[in-house]
Structure formats: C-alpha cells, structure tokens
Amino acid sequence: MRAAILTVALLLSATATAQRAPYLQRLTPTEVTIVWRDGNAAGEVCYGTAPNALTERVVASTSGSQHEARLTGLNVLTEYFYAATDGSGCPAAAAATDHFTTAPEVGSDTAFRVWVVGDSGTGGSRQAEVRDAMLGWVGAQPPDIYLHVGDMAYADGTTNEFTDNFFGMYSDILRSTNCWPAMGNHEGRTADSGTESGPYYDAYVLPRDGVAGGMPSGTEAYYSFDHANVHFVVLDSHDSPRSVDGAMLQWLDADLAAADATWIVAFWHHPPYTKGSHDSDNESQLVQMRENALPILESYGADLIFGGHSHIYERSFLARGAFDTPTTAAGYLVDTGDGRIDGDGPYDANDGTVYVVAGHGGAGVSGSADHPLMYFSELDQGSVIFDVSGPTITLRNIRRDGEVTDELTLVKGVEDALLLVSPLGGETIAAGAPLPLRWLAPDDTANVRVELSLDGGDHWGELEASTPNDGELVVTAPEVRTDEARVRVTDTADATRTDESGNFSLVGTRTFEPIAFGGRWEYHDGPTAPTADWNTTTGGWPEGNAELGYGDGDEVTELLDADPNVPTVYFRQSIALDGEVTRAELDVLYDDAIAVFVNGSQVLGIHVDDGLDHDTFSSGSDGDDARASRTIDGSVFTTGENVIAALVKQASGSSSDLSFDLRLTLVVERDLPGPDAGIGGDGGTAPRPDGSTRFDGSTDTDGDGGDDGGCGCTTLAARELPGALLLFGLLVLALRRRR
Amino acid sequence: MIRPLIVLVPVLVLGASTALAHDPPNHDIEELTERIAAHPSAPLLVERAELWLQEGFADEAASDLRMAATLEPGDAIGRAVLWAEVWRQRGRLDEAEAELDPAVAAGSVEALAARARIRADAGRLTDALADYEAAVARLLTVDLALGHGRTLERLGRPAEAEAVYAVHARRLGNATVLVQARIQVLRQLRRHDDALRAIDTQVRHARAKSTWLLLRGAVLAEAGRTEDAVRAYLAALADAERVYRRRRSVASRLIRAEALAAVGRTAEARAEAERVRAASPQLAARATALLAATEASR
Ligand SMILES: [Fe+2]
C-alpha cells in the first residue's frame, strides 16, 4: 500500500548518518541491547557492576553508523554501568549517565514506575516542557521503563527527525531507561511493517521471538514483554492487518492465553476511544482496533490500555464491552466513580478495563473532549506516570506545568482473599485527621474487624469490632506521633481473609486550607474608611461568599458599584489554630490592587505603592481577575484566633470592575505524645477482656471529616473536604467550558 | 498549444477536489486536503488516496490517484497497489488483478503479495498459490506465510501446507500463529509425535501453559496414549486453577472449564461454560462448543 511513499523515504534515510547517544533496548531480567550511532567503523560496550570497574566487554554488531551490543547472562534486578566505545579499549569509569538496571524477576511483586508518552515528536518547546515536568515530578525516582505510543518523529519519521525529535530530546533518559515503542502513522510514512524496514525499524531492536516474555510474534511490528508482574502487549494499529483472522490478532489471542501476570497492559497508536484531534467513532483504524482487538483483550482481562494519535489526554471510567460503533456508555461502565483512593475509591481491575489516550506529549492539542467513556479529559500537553506495586497500579497525568491533573488507582483482588487498598504503607497522615481505609473483600464477607497498630504490628487495638463489608471506613487518626502505624482488616467470620498495611506515619504536621477560594468574608464597601483596628477584629460588617466584587458578572457576592468608584474595599474573617504555623501559602485573585494582613501585619502588597489610605487608588493593574501566589512568614500567626484581612483598590474612579478572592494553605505543627500513649496507655483506649485494647476514637463513616477531634483548626471541619471537592469541580467545569 | 493545456487541467481538477464529496472522516485527510490546496503534489495525493481507501472511500481515492497521474505521470507500479485496492473495494476483483499484472511483471513484490490475496479471495487458489510462492521467496511476513499455508490447505494439500508452515515458522522465530496452524495440519495427518514436538517449542514460552497442555492432551489421546493424555489434562487443570486464581478473566474461566471437561468433571465444566456464555459474546461460541461436546456425558 505504501510503496510510493516508502521509496522516497528510503532514499531520505539512506543519506543521513546521524550521531545518537547510547540507548537501551530489549531489557529483560538477564539481558539488554545497547544501541548507538557514530562515525566509527566498529563498536564495543564495556560494562560492570561498579562505575569504575567496567570489566566485561561485548563487541557490537555494526551496520552503517549504527552499533548494537547485546549483553547477556546478566543478574536479575542488578545495576550495571557501561561505556560505548570504538573498540580500542575501556575507559576507567562509566559516564554518570550510562547505567541500567536489569528487569525484576518475571512474576515478582517488585514495584516499578512507567512513563507513557505519545505524539511527542515535534522537537519543540512543548515536548521539552512535558519531559521536564515529568523529570521534576519524579525527582529521585525516575521511571524504570518508558512506553511510547507512537508519533515520536514528526512529520515523516525520517532518520534525522528520529535523531533530533526523539533520540536527541530524550537522550539522557534513554541512556538508562528502555523505551518500548509502538509505531505511529507518522513513522509509518517512512517505515513498512511488512518488510520491517525504514528508520523506525532501523532504530529499534524489538523481541519478535519471545525473548522478553510472551509468545513469539515473528515480527517487530507487534510484540510482548514481561516486567515483574505485568505482561505488556504492543500492537501495530497502523500498518499490520487488523482483521480478526489476521496474524496480529491471532497472535494476540495466543499471547494472552499464555500470560499469567497479575496485570495486562496493552498499547498501540490508534486509540479505541477518543474525542480529541481524532474521533474513534469515524476513523477506520480506531474502529477496527476497538471492534477487533478489544474483545480479545477484555476477555483475557486486560487492565490498562493506552493509545495516542489523538492529541489530548483522556482517561476512562472502568469499562467493559463497549465495542459498538458509535460508542455509547450506557451499560458499559462498570464503575462510575472517579477511581481515586481519596475520592470514590479505586477501581477493581477484575471487573473491567481503563483506557487512556496519551496523545499529548508535545503536538498541539484539540478536540471536543467529550467522549462518553471518559471520566477525565484535558486539552493540554503532558505525559503519564504509572506505578505498579503488587496488586495496585496508581496512574497520574503530569501536565506540562508539573501539575498532577488526573489520578487513578487500580487494584486487583485475589479470589477468596481480602485486600487492603488504602493505606498501603509509606503515607504520612496527620494525627487527628480523617484516615480513610479502603479494602476489597469477596461478596460473601459480611463484616470486617478493623484494627490499628502503632508499633509496626507488635500490638493491635480495635478500631471497629465489626463493620459492614462495604469496602470503606473513615476513622480518625489517633493523636499520636509514630512512624510505625499500621491498619489491619479481617473478615469477622474467616480469619484467613485478612490484610494489613505497611508502616505509615502519624505526624503532628497537618496541611490544610483554613480559607478556600469561595470562602465567606465580612466586607466593607462604603465610601468612608473603616476604623483603624479593621484588620485585627471581626464582627459587625455584612458577609458574603467570594468571589466578591462587581463589573465582571462572575461575582458570587456583588459589592457596591458607586460612581465614581469607592477607591478601597475591605475584607476580613477569623480562623482558629491549635498549633504553630510552619508554612503558609497565600493565593489571591485581585483587580486591581491588593494588600493582605494577618493579625494586622501586612504579608502581601501588589500595586499599593501609592499607599494604603482609603482614598488612594492602585498604583498599577494586572487586568481582570489577576492571580498571585506567595509564601508568607508563619510567625505572624498565633495559636488561637487569627484575623485574616485584605483590602482591594480600584485603578480609578471610572474603572468598571473590582474582584477579590483568597485561599490560605497552612502547615501547622502540634506537639504530640509518642506511640505509648495510643495503645494500652491513657490515650483514649481501654483494656479489653481478651487482653487486647480498643481505641476510643470516633469513627466517621460518612467521610466528611465533620466533628473530628483534634484537627488543626476550627473552621477545617466544615471546609477541608468540600474545599477539595469544590476545586475539583471547578477543574471539570473549566474543561467543559472549553468544549 | 499543448503546454498550457497540461497546466490547466490539473488546476481545474484540483479546484474541484478541494471541495470534497464527503466530509473527511479523518483528521489526517483534512490536514492533507489543506496541504494539497496550498501545494498540490502527486505524493500528497497518493497519500490521501491511501487514507481514503483506509476509510472505505474508493471513489475519492480513485479521483486522487487520477489527479496524481495527471500531475506526475509515472510511478505506475507504486500506485498499482492502491488502484487494485480501489477495485477490490468496488467488488471488481478481476479489475483489481488486471491493475496489478504490469506491476508484478515489473518486479514489485508488494503487487505480488496483493495479487496473491486477491486471487485467494476470488477462489482462484492455484493462481494464488503461484503468487504466494513467488512472494514469500522474496519477502517473508507472518501474514504471507499464513496465506501461503492456508491456500495449500484449501487446495487439499495438507502435507505441503505442513511443510510450508514448518519452514516459514523456523525462519520467523517460531512465530506462534504459524506453529498453531502447523499443529492443526499435523493432527489431520496423524503425525502425532511431530505435533507434540511442535507444541513443545511453544510451551516453553508460555507462562500460563494450560491451553498448550490441553492441546498436548488432545494429541496424545488421538495417538491412543490415554494415560499420558490424562496426565497432560490434569497438569492443564492445575495450571488453569493457578492462573484463574491470579487473573479472574472470563477467558481464564473458560480455559479452566475446558480443563475440567478434559478430566471428566463435566458438571462443573458445564456450569462454568454456561457462565462464560452468559458473560462474554466474544467467547460464547467456544463455550457453546464445550457445552455441545459435553452434552453426551452429562
Ligand atoms: Fe498519529
């Protein structure tokens, strides 16, 4: 089908001899292939388990400028250091960038991190932002493997485009992280799956013979590999026949029948569900992959499926069986919650599949973003990180500005077993705050016992002797400081159905929002100045919810729009704190000038260079609904009542609008007793006849955090969770508006 | 006077083409249409023709191919495969084949592979076989190898089909689908030991081994080695149970049901098969087959 295009492309690719830094391919528990390009006639890799002891050597096979060295007989899950040389000798030490860790033993529960990118290959600034946002977010825990869902070298997948827009762009990552690719249509302009030729197939060394796990596909166009307890399947949605009786889908069936991994993750370029720059209801490659490949994948219980091509981020609900064209959601959504541990709870992956479109790795985004299967859609560039940890997968969308805009947890219960999903261990929980517990148990478990340990499991106390097996319970974390807290959930009728978390920490440090956007404020919008103590007292002014102001139409509370304008308007409210503030963040929305005070001390001033007097106008403007964030000095706060006050100034007597809203985020540190106070001590527990102890803490099954004792402030009870929900609601609303 | 005419024709035709007969079903077609409007060129038109064909718009593809030929005559070989696809989609297999003949004569392996498929679709198996043989000698892909073997099977020549699958599988890293096809033929030919050896090349790759162990059991049973067959079935059931505990998929439930049936636990097998049939349209046919096969021993 593509002979004409291919001929041109092969000519193009033949003329380029590019330099490519070393990159990893076909990484397994016992081998890896290191590939690079330079002008040398020969190549060799020196390697070893210490950076300054490159004692082993493997001669590379060389074809043109490309060298490929296959290192075999390696140890499982072991870090190696290497140097790619011209064969004239090994250097004393490996470069800091040149190392790799072999894959974990297949089937093991070793935790690992995966980076997923699609449609990145522009070579432009957005692509770099996406990469850097990921690097910033992962910090010291970089991804263990990298999946690319295609379109990695725009516009035509030529050798030079690969070198610049893929190998150059991700060079430092690729030196130590294996990228497993799926071919996109743009690579398909110069590559041919039938002949496995062209720059895409030149660049990658992929397992066609089952060497990395899975059944031999006989081609590099589609293949599978195992990594720890995940079986990965990569399909060619562009250039291999997609019919049910074609070789690719026949192989898929055989490959999945032979998989025993806990998880199955599949990816290819053309997504089965999307309303981004492409539409899965109309385009044949997308329709065929949905109608032909998905029934096979779903019948084998595939858990997570990634596509690209459509330039958007989309993440589905947990779904099953939605193969028709056009796609409708009715009857196919298995879980209509958000899939978040801190929200409606994780999805049980035994029941369905999550579909993700990650076509937002660099190219311009577009689309209606309203696919009925999608829980979340975002028209902005980013990439996906997912973490596999035994029976749990946590997936996050890392937007190019570093924000995590979508988060999802998949869990996989084992039949006849109870699985604690949250907390898992490693969390830091504020003492006295709501501690949500979530678990999965077989349907015939009627009730569960919930216990807490503060000493790593040596002693246990009951939180609930028996609570219905509805999968969740929100308890109040005890007022204790420990790094060895654990919870345990057990079927009251069958003690073998039990699971406990790893150690998590209870701390006196608590992060919360005593004032959320949209909060309630006293205000003074009259023509005369308030009394001098206006920013240290409260009471006696009218109240209204933010946003407060006039003239834009988006105000919740409309203030006096006098003619000429009143130059200055005042706002205040009080919050109560029960500990020392160690960190404070202020986010304000203002038009045109703003000053903020805590207990009378000014902590922020924008465009108030002409003074704070009532009759003075602002000294500048940042336009409508400008936003600013500042970290402020925590010492201005005090234990007990605090007055937060703000004044907002007009630009002139004739300006049409004025706006104000404010969010305050605090970290409060309280002194807490050690773990001895929690169990068997006097910290609210009572001995029980059987020698165990029972916590006297309240339980809060509705999850709203209401009336929980010992929180960092008094206004929190009403604000914390609704505030978070409100913010999330706004995000969804913002997306809807963009459609 | 000829020169201006040549220039004029494409411009007129292109003008018409920018107002497409159908709404482009595909973002890439839309993009290409813009590029073609700005800088008309034969390669872009050929690329768009290919996309039209992908979406099943044969007439639009034909018009793009004609325009490409007007703009840039030549490259008849490269475009022949696309023209053949136009005719194939119109249901005119003879025209499709005629389109490919010159390209095949000129040495295009792609045209040869396309013609093999068209001849097989048209039921002209001997001609298809000749094309497959010529094609796989120059370009071996799993799809072509499958087509080659399937054509021989349809011609009633299983021994040759088996040999073809064996050779191709060896050259393609023991590609599973070719080995599967070969095992089916070996069973027909009652070459049980060869079938067992072929199964063993795959079992070592499979982490969940029950489907392969069930197949092994079936071959052993066909060979009259009943005790060995039972051992294979019991091993299949044990592995199916292990996998089912780990992956509660409808397919692993069905494989477990098949293993239960194989070891004679018919009632359990049937109950499981009923559940699969109710839960999965995809696997309903296989579940129904299991129910039918166990009907007698109920
Ligand atoms: Fe694409």
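# Reading the contact and the sheets in a two-chain model

Guide: Start with one pair: the side chains of A:Asp303 and B:Arg247 form a salt bridge, at 3.8 Å from N to O. The term stands for a side-chain nitrogen of Lys or Arg within 4 Å of a carboxyl oxygen of Asp or Glu. This is a predicted model, in which local features need pLDDT of at least 70 and side-chain atom pairs count only at pLDDT 80 or more, while totals for chains, interfaces and linings use all residues. Residues are numbered from 1 along each chain as its sequence is written, chains are lettered from A and ligands numbered from 1 in the order in which they are written, and side-chain values use heavy atoms, with hydrogens and water left out.

Visitor: How many salt bridges are there over all chains, and where do A:Asp303 and B:Arg247 lie?

Guide: The whole structure has 66 salt bridges over all chains. A:Asp303 is in the loop between helix H8 (284–299) and strand S15 (304–307) of chain A, and B:Arg247 is in the loop between H14 and helix H15 (250–262) of chain B, so the pair joins two chains. Helices (H or I, at least four residues) and strands (E, at least two) are DSSP runs, numbered from the N terminus. Between chain B and chain A the count is four salt bridges.

Visitor: Which helix of chain B gives the most to the side that touches chain A?

Guide: Helix H14 (residues 226–246) of chain B does, with five residues. By class, that side of chain B has 19 nonpolar, 14 polar and 17 charged residues. Here Ala, Val, Leu, Ile, Met, Phe, Trp, Tyr, Cys and Pro count as nonpolar, Asp, Glu, Lys and Arg as charged, and the others, Gly among them, as polar.

Visitor: How many residues does each chain bring to the contact, and what area is buried?

Guide: Contact means heavy atoms within 4.5 Å. By that rule, 50 residues come from chain B and 57 residues from chain A. Buried area is the accessible area (1.4 Å probe) that two parts lose on being put together, summed over both. Between chain B and chain A this is about 4500 Å², and carbon and sulfur atoms give 48% of it. B:Arg246, B:Arg247 and B:Arg248 supply 17% of the area that chain B buries against chain A, more than any other three residues.

Visitor: Now the sheets. What is the order of strands in the open sheet of four strands in chain A?

Guide: Two strands pair if DSSP finds at least two bridges between them. The order is S4-S3-S7-S8 in chain A, with antiparallel pairing. Strand S4 (56–59) and strand S8 (99–101) of chain A are at the edges with a single partner strand each, so one side of each has no neighbour in the sheet. Strand S3 (residues 44–48) of chain A pairs with S4(A) over four bridges, and A:Tyr47 stands opposite A:Glu56 in S4(A).

Visitor: Which residues stand opposite A:Asp587 in S45(A) and in S43(A)?

Guide: In S45(A) the bridge partner is A:Arg663, and in S43(A) A:Ser629 stands opposite A:Asp587. Strand S40 (residues 580–591) and strand S45 (residues 658–669) of chain A run antiparallel, joined by eleven bridges. S40(A) also pairs in the antiparallel sense with strand S43 (residues 626–632) of chain A, over seven bridges.

Visitor: Where is a cis peptide bond with omega of about -5°?

Guide: That bond joins A:Tyr154 and A:Ala155. A:Ala155 lies in the loop between strand S10 (145–148) and helix H3 (159–168) of chain A.
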